[in-house]
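Student: I've got a model open and would like to talk through how its helices pack and what its cysteines are up to. Can we start with a term I'll need?

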Amino acid sequence: MHKSAKSDKGYGFYVENTIGSTPQINTWTADWIEFYSKHRLGYQLKLISQRFGDSAIYEKGQRLIEKMHLLFDGAVIEPCLLHGDLWSGNISADANGDPVILDPACYYGHNEAEFGMSWCAGFGGDFYSSYFEVMPKQPGFEKRRDLYLLYHYLNHYNLFGSGYRSSAMSIIDDYLRMLKA
């Protein structure tokens, strides 16, 4: 999917959609870091601030957003089609046993963003090895991986409440230490 569907419009999608029941803003943006900062992390942080009055996570999240460009040094980022909500509950098979992917939250983004939901997918080592044969790791992938996980923890906080707050805050705090922000 990543290799066959590219975008010449940048990052985003033709329509707004949802991630679970949370609106997902897909305004076309030329720069990946700007898109991810504003329409993914920034939007989720804004919702948390509005719904829960959690100014601490909002303020720390904004500090991370200001410095996160440092995590992308050396990475080549090209917009490709993402499922956006790839986890075990959205994977099935048709009557012939062929794989079917359900409930997409599609947009054009950095392929690494697809790993954000992998904590909830139950994918094994074979999946990741095969994936990286097709889409090789970019420099700094290990440093960015939790940045993509953070989007989904923030969304789960918005969807299901503060039980996800500590996981999201832990990721933010780790990045703030790493980036000396």
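Tutor: Sure. A crossing is called left-handed if the near helix is turned anticlockwise from the far one by less than a right angle, and right-handed if it is turned clockwise. Keep in mind that this is a predicted model.

Student: With that in hand, is the crossing of H1 and H2 left-handed or right-handed?
Tutor: First find the pair: H1 covers residues 32–52 and H2 covers residues 55–67, with axes 9 Å apart. Looking at how one helix is turned against the other, the crossing of H1 and H2 comes out left-handed.

Student: And how do H1 and H2 run relative to each other, roughly parallel or roughly antiparallel?
Tutor: Their packing angle is about 165 degrees. Angles over 145 degrees count as roughly antiparallel. So H1 and H2 are roughly antiparallel.

Student: How many charged residues are in the contact of H1 with H2?
Tutor: On the H1 side you'll find Ser-37, Leu-41, Gly-42, Leu-45, Lys-46, Ile-48 and Ser-49, and they meet Ile-57, Tyr-58, Gly-61, Gln-62 and Ile-65 in H2. Split by class, that contact has 6 nonpolar and 5 polar residues, and the charged count is 1.

Student: H2 also packs on H5. At roughly what angle do their axes cross?
Tutor: H5 is residues 165–178, and its axis comes within 9 Å of that of H2. H2 passes H5 in a left-handed crossing. The angle is roughly 35 degrees.

Student: How many nonpolar residues does the contact of H2 with H5 have?
Tutor: Among the H2 residues there are Ala-56, Ile-57 and Leu-64, and the H5 side includes Ala-168, Met-169 and Ile-172. By class, the contact has 4 charged residues and 1 polar, while the nonpolar count is 8.

Student: On to the cysteines: how many disulfides are there?
Tutor: A disulfide needs two cysteine sulfurs within 2.5 Å. For Cys-106, the closest cysteine sulfur is 11 Å away in Cys-80, which is too far for a bond. The count is 0.

Student: Is Cys-80 buried or exposed?
Tutor: Buried means under 20% relative accessible area. Cys-106 has 17%, so Cys-106 counts as buried. Cys-80 has 1%, so that one also counts as buried.

Student: Last one: how far apart are the C-alpha atoms of Val-134 and Asn-17?
Tutor: Val-134 lies in H3, residues 125–134, and is partly exposed at 48% relative accessible area. Along the chain, Val-134 and Asn-17 are 117 residues apart, and their C-alpha separation is 28 Å.

Key: Residues numbered from 1 in each chain as written. Predicted model: local features only at pLDDT ≥ 70, side-chain atom pairs only at ≥ 80, totals over all residues. Heavy atoms only, no water. Axes fitted to C-alpha atoms, helices over the stretch in contact; angles between N-to-C directions. Helix = DSSP H or I, 4+ residues; strand = E, 2+ residues; numbered from the N terminus. Parallel < 35°, antiparallel > 145°, perpendicular 65-115°, else oblique. Contact = heavy atoms within 4.5 Å. Nonpolar A, V, L, I, M, F, W, Y, C, P; charged D, E, K, R; others polar. Buried < 20%, exposed > 50% of the residue type's maximum accessible area, 1.4 Å probe, protein only.
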